[in-house]
Amino acid sequence: ILKGEIKPGDKLTEQDLAATYRVSRTPVREAIRQLEVERLVSRTRFVGVTVTQLTPAEIMELLDIREVLEGLVARLAAGLMDAEQRKHLQKTFKRMTVAAKAGDVRKYLDEALAFRRMLVKSCRSESLVHYVMGIENRLRLMGNRTAMIPGRMEAAITEHGELLKAIEAGDAKAAEQLNRER
């Protein structure tokens with residue numbers, strides 16, 4: 001679902017998934033229950049289980065919440081990130097830049113997600129990881145449409161570069177503001 005191989009609106013059946021992944025229906029049933037908890041799938045009477053389709057209002061709500069949480073993430077990361085984590089973030093940023101220059105949207109998106117995950121991980125808050133990644137996963141239901149907009153990946157590289165500089169400088173206020181603006 002998160003990779004876009006199963007699309008919003010697609011129907012999921014225990015039998016088909018069990019056959020596809022060569023497992024019994026019990027783990028599939030449990031996985032579907034977890035996906036329901038995460039609101040990535042929904043169960044409708046007489047229809048069954050389908051991958052969630054976000055409404056425009058839900059998308060806007062999630063983006064507003066993500067903006068606030070990611071500002072907090074950047075502020076905390078600027079103060080808590082250790083040298084090893086900063087080094088990993090720099091390497092991820094370089095891979096993201098190479099992917100953007102090559103026009104490799106999938107690789108760019110993978111590296112951008114890795115960048116955000118490193119920021120969240122450095123905050124040392126399991127609750128924050130849970131909330132931020134839950135929102136990120138729900139937003140991934142939209143696919144990668146924004147990365148396809150001409151010039152968007154390049155603009156994002158500039159934005160991530162500015163954020164990286166603020167974090168490296170330990171400027172929590174600037175990091176928060178930059179991460180809320182992007």
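**Close-up views of a predicted model**

**View 1. Helix α3 and what packs over it.** In α3, the buried residues are I59, L62, L69, E70, G71, V73, A74, A77 and A78. This is a predicted model, so read each view below with that in mind. The cover over those buried α3 positions includes α5, α6, α7 and α8. As for length, α3 has 25 residues, which at 1.5 Å a residue should span 36 Å, and its end C-alpha atoms sit 35 Å apart, in agreement.

**View 2. The largest nonpolar core.** Here we're looking at a set of 46 residues, where L89, Y108, L119 and I167 touch the most other members. At least two residues of this core come from each of α1 (14-21), α2 (25-37), β3 (48-51), α3 (56-80), α4 (83-102), α5 (105-122), α6 (126-139) and α7 (152-168). Helix α5 chips in the largest share, with 8 residues.

**View 3. Zooming in on I167.** Which residues does I167 contact, once its neighbours within four places in sequence are set aside? The list is A77, A78, M81, R86, L89, L119 and A175. Two of these names, A77 and A78, also turn up among the buried residues of α3. L89 and L119 are familiar as well, since both sit with I167 among the core residues that touch the most other members.

**View 4. A salt bridge between α8 and α3.** R180 pairs up with E67, and the closest N and O atoms are 3.4 Å apart. This one links distant parts of the chain: R180 belongs to helix α8 (residues 172-181) and E67 to helix α3, with their positions 113 residues apart. Are the two partners buried or exposed? R180 counts as partly exposed at 30% relative accessibility, and E67 is also partly exposed, at 33%. The structure holds 12 salt bridges.

**View 5. A salt bridge between α5 and α4.** E111 and R95 form a salt bridge with their closest N and O atoms 3.1 Å apart. E111 lies in helix α5 and R95 in helix α4, so the bridge ties together parts that are 16 residues apart in sequence. The two ends sit in contrasting surroundings: E111 is buried, with a relative accessible area of 6%, whereas R95 is partly exposed at 35%.

**View 6. Another pair, plus a small network.** R152 forms a salt bridge with E159, and here the closest N and O atoms are 3.0 Å apart. R152 is partly exposed at 28% relative accessibility, and E159 is partly exposed too, with 23%. Elsewhere, E14, R25 and R29 are linked in a network of salt bridges.

**View 7. The sheet and its hairpin.** Three strands make an open sheet in the order β1-β3-β2, with antiparallel pairing. Why is one side of β1 (11-12) and one side of β2 left without a neighbour in the sheet? Both strands stand at the edges, each with a single partner strand. β2 (residues 41-44) and β3 pair in the antiparallel sense over 4 bridges, and R43 has V49 of β3 as its bridge partner. The hairpin of β2 and β3 has 3 residues between the strands, and F46 takes a positive phi near 70° there.

**View 8. Helix α2 over the strands.** Helix α2 lies across β2 and β3, and runs at about 105° to β2. α2 is also one of the elements that supply at least two residues to the largest nonpolar core, as is β3.

Definitions and conventions. Residues numbered from 1 in each chain as written. Predicted model: local features only at pLDDT ≥ 70, side-chain atom pairs only at ≥ 80, totals over all residues. Heavy atoms only, no water. Core = buried A, V, L, I, M, F, W, Y, C linked by side-chain atoms within 4.5 Å. Buried < 20%, exposed > 50% of the residue type's maximum accessible area, 1.4 Å probe, protein only. Contact = heavy atoms within 4.5 Å. Salt bridge = Lys/Arg side-chain N within 4 Å of Asp/Glu carboxyl O. Pairing = 2+ DSSP bridges. Expected span 1.5 Å × (residues − 1). Axes fitted to C-alpha atoms, helices over the stretch in contact; angles between N-to-C directions.
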